[in-house]
Amino acid sequence: TWATEKPNAYSEIIRVIAEGDLVVVHVHDRVNKEDRGSAVVDIFRVENDKIVEHWDVIQEIPEKDYSGNTMF
């Protein structure tokens, strides 16, 4: 499994937004503490207290930030 292959990996939840039947989670995923990691946005649609749909967007954090804005 992913957890067994990457035992030092961790995720930091940056923000959670919920509106109606949608929940959005913005996460900073890293393989280890030295890794810049990836910015992840997970979108869940909930129905009767269960997740019925899931989408995600994942982008590696670039070495150089050209916009002047962070991903978090």
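How much area does the chain expose, and what share of it do carbon and sulfur atoms supply? In this predicted model, the exposed area of the chain comes to about 5,800 Å², and carbon and sulfur atoms contribute 51% of that surface.

The architecture consists of 1 helix and 4 strands, arranged in the order α-β-β-β-β from the N terminus on. The chain is more spread out than a compact globule, because its radius of gyration is 14 Å, well over the 11 Å that the globule rule gives for 72 residues. Along the principal axes, the C-alpha trace spans about 40 × 35 × 15 Å.

Burial and contacts can be considered next. Of the 72 residues in the chain, 15% are buried. Among contacts with a separation of 6 or more, 18% are made by residues 24 or more positions apart. As for charge, the chain carries 8 positive and 15 negative charges, and the mean positions of these two groups are 5 Å apart.

Phe72 offers a local view of the fold. This residue belongs to the segment after strand E4 (50-60). Phe72 has a relative accessible area of 31%, and is therefore partly exposed, a class that lies between the 20% limit for buried and the 50% limit for exposed residues. Beyond its neighbours within four places in sequence, Phe72 is in contact with Ile14, Arg15, His26, Val27, His28, Ser38, Ala39 and Ile61. One of these partners, His26, is 46 residues away from Phe72 along the chain, yet the C-alpha atoms of the two residues are separated by 8.4 Å.

How values were computed:
Residues numbered from 1 in each chain as written. Predicted model: local features only at pLDDT ≥ 70, side-chain atom pairs only at ≥ 80, totals over all residues. Heavy atoms only, no water. Helix = DSSP H or I, 4+ residues; strand = E, 2+ residues; numbered from the N terminus. Rg over C-alpha atoms; globule rule 2.2 N^0.38 Å. Buried < 20%, exposed > 50% of the residue type's maximum accessible area, 1.4 Å probe, protein only. Contact = heavy atoms within 4.5 Å. Areas by Shrake-Rupley, 256 points an atom, 1.4 Å probe, with all protein chains shown as cover. Lys, Arg positive; Asp, Glu negative; His and termini not counted. Charge placed at Lys NZ, Arg CZ, Asp CG, Glu CD.
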